[in-house]
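These entries record what I looked up in the structure shown below. I began with strand pairing and then turned to burial, packing and confidence.

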Amino acid sequence: MALEDRIPEKIQARRFLVRGRVQGVVYRWFVEREAHKLGVAGWVRNQPNGSVEVLASGSREQLAALSARLQAGPRAARVDAVDESEAQPVPDLKTFRIEGVW
């Protein structure tokens, strides 16, 4: 077994702000599904200005894969931009959820 296979990769966190036609097109459910597939923890929520905000924690590779999927979006969405910034990992965040849905 190679050394890199035995050392867990450091968990990183990123905040994504997705702009375009991303509300009312099942975008949050798409993000939740993709995050679960990738094993990413965090949350997704609509913003009052029509954008969607995502906080995600995972390895560098997991976050890069999620970023690509956020840019693609579901079929009904039109993603104009995905702004990405560093965030602080949330220690107790172990799953991915949609926020703001009752």
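Entry 1, strand pairing. I work here from a predicted model. I find β1 and β3 paired in the antiparallel sense over seven bridges. Within β3, V52 is the residue that stands opposite V18. On pairing with β2 (residues 41-46), I note that this strand also runs antiparallel to β3, joined by six bridges. V52 of β3 appears again here, as the bridge partner of N46. Between β2 and β3 the hairpin has five residues, and among them G50 takes a positive phi near 95°.

Entry 2, burial of β3. I asked how many residues of β3 are buried. The strand is mostly covered, with seven of its seven residues buried. Side chains in a regular strand alternate between the two faces of the sheet, and I therefore listed the two sides separately. V52, V54, A56 and G58 lie on one side of β3, while E53, L55 and S57 lie on the other, and all are buried.

Entry 3, helix α3. This helix comprises residues 60-72, 13 in number. I looked up its span from first C-alpha to last and found 19 Å, close to the 18 Å expected at 1.5 Å a residue. Which residues of α3 are buried? They are L63, L66, S67 and L70. These four cover an arc of only 105° around the axis and so fall on the same side of α3. Their cover includes β1 (12-21), α2 (27-38), β3 (52-58) and β4 (78-87). After the helix comes G73, with a positive phi near 65°.

Entry 4, the nonpolar core. In soluble globular proteins, nonpolar side chains tend to be buried together. I therefore looked up the largest nonpolar core, which has 22 residues. Those with the most contacts inside this core are V18, Y27, V31, V40, V54, L66 and L70. At least two residues each come from β1, α2, β3, α3, β4 and β5 (96-98). The most are given by α2, with five residues. I then followed V54: leaving aside residues up to four places away in sequence, V54 touches R14, R15, F16, V31, W43, V44, L66, L70 and F96.

Entry 5, confidence. For the chain I record a mean pLDDT of 91, with 89% of the residues at 70 or more. Confidence is highest in α2, at 98, and lowest in helix α1 (residues 3-6), at a mean of 48. Predicted coordinates should not be read in detail where pLDDT is low.

Terms used:
Residues numbered from 1 in each chain as written. Predicted model: local features only at pLDDT ≥ 70, side-chain atom pairs only at ≥ 80, totals over all residues. Heavy atoms only, no water. Expected span 1.5 Å × (residues − 1). Buried < 20%, exposed > 50% of the residue type's maximum accessible area, 1.4 Å probe, protein only. Arc of directions from axis to C-beta. Contact = heavy atoms within 4.5 Å. Pairing = 2+ DSSP bridges. pLDDT = per-residue confidence, 0-100. Core = buried A, V, L, I, M, F, W, Y, C linked by side-chain atoms within 4.5 Å.
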